[in-house]
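Reader: I am new to this structure. Please take a close look at its pockets.

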Amino acid sequence: MICLQPITKPSVLYLGPRKPLKKSLKTLTPIHSLLQYNRKPQLAGETPRVVVITSGKGGVGKTTTTANIGLSLARLGFSAVAIDADVGLRNLDLLLGLENRVNYTVVEVLNGDCRLDQALVRDKRWSNFELLCISKPRSKLPLGFGGKALTWLVEALKNREEGAPDFILIDCPAGIDAGFITAITPANEAVLVTTPDITSLRDADRVTGLLECDGIRDIKMIVNRVRTDMIKGEDMMSVLDVQEMLGLPLLGVIPEDSEVIRSTNRGYPLVLNKPPALAGLAFEQAAWRLVEQDSMKAVMVEEEPKKRGFFSFFGG
């Protein structure tokens, strides 16, 4: 049996084995989840905590992670502002179902056309969660916009009259060009989203080096779209393999779930589903660990040997 034992915090998630598989590890048990939300998590670190959610490779689930982690933080009782830093290709408002309420963006704030509080879109479901978009779709930023402008924006959020949020989440664009550099400039923490395939892992390793060069040392990873059936058939790397390759603390493991596509099309994040989807529960646990600056550990447990009967002595 392959499992993750709860180390210090309330979460258990069963993962696949390392390769090569041993004979006693041929069978994988289903994914389990142990939730013990009988207390509010203790917020660690100085607030507001500025966290950039990045990956390098596109399409691995950065925006989905930002939306679900942000609303999970709000449900846990913490205030959060999510900044969509993808210029011209923003999607965070769609995943949150707030696309029709974005009237002003950061560009209008910088141009003096509106106030910062007018550009912030407050979620009606959870009033302690707000969205801020850098620009409108298919628009171009001023030439002077860069890391300094985004840092000014984060400082403005910290000094708001109504108080600074507990978390500022920055949804980073794909790639490692100017948009990436701009997004990581004001951050002091990073969540690296990757999938268990070689192309995503190579990009994730490159991004990890760039984050460390920028002075961001607190980097945790989320492994997305994990399929235990493919791990069992040795067609996908296990989470243990991914962690060994990247050498980063594990914030969460998100299983492949068809509800992700449904929730995206509805503009209704997974963590709000009732009953909760398996991927939604995994995002909630990742948000819990993010609050307490904790990580999860993968533990391999040998499968119990089968009982041998009388005819086993004769090869039966």
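Author: What follows describes the two pockets, then one strand. This is a predicted model, in which local features need pLDDT of at least 70 and side-chain atom pairs count only at pLDDT 80 or more, while totals for chains, interfaces and linings use all residues. Residues are numbered from 1 along each chain as its sequence is written, and side-chain values use heavy atoms, with hydrogens and water left out.

A pocket here is an open set of points on a 1 Å grid over the protein atoms alone, where a 1.4 Å probe fits, with protein on both sides within 12 Å along at least five of seven lines; its lining residues have an atom within 4 Å of a point. The largest pocket holds about 270 Å³ of space, a volume being the space filled by probe spheres set on the points. Its lining has 14 residues, and Ala85, Asp86, Val87, Pro173 and Gly179 lie nearest its centre. By class, 9 of the lining residues are nonpolar, 3 polar and 2 charged; Ala, Val, Leu, Ile, Met, Phe, Trp, Tyr, Cys and Pro count as nonpolar, Asp, Glu, Lys and Arg as charged, and the others, Gly among them, as polar.

The second largest pocket holds about 230 Å³. It is lined by 17 residues, with Gly59, Lys62, Thr63, Asp86 and Asn91 closest to its centre. This lining divides into 6 nonpolar, 6 polar and 5 charged residues.

As for the strand, 6 of the 6 residues of S9 (residues 250–255) are buried (under 20% relative accessible area, 1.4 Å probe, protein chains only), so strand S9 is largely enclosed by the rest of the structure. Strands are DSSP runs of E, at least two residues, numbered from the N terminus.

How values were computed. Buried < 20%, exposed > 50% of the residue type's maximum accessible area, 1.4 Å probe, protein only. Helix = DSSP H or I, 4+ residues; strand = E, 2+ residues; numbered from the N terminus.
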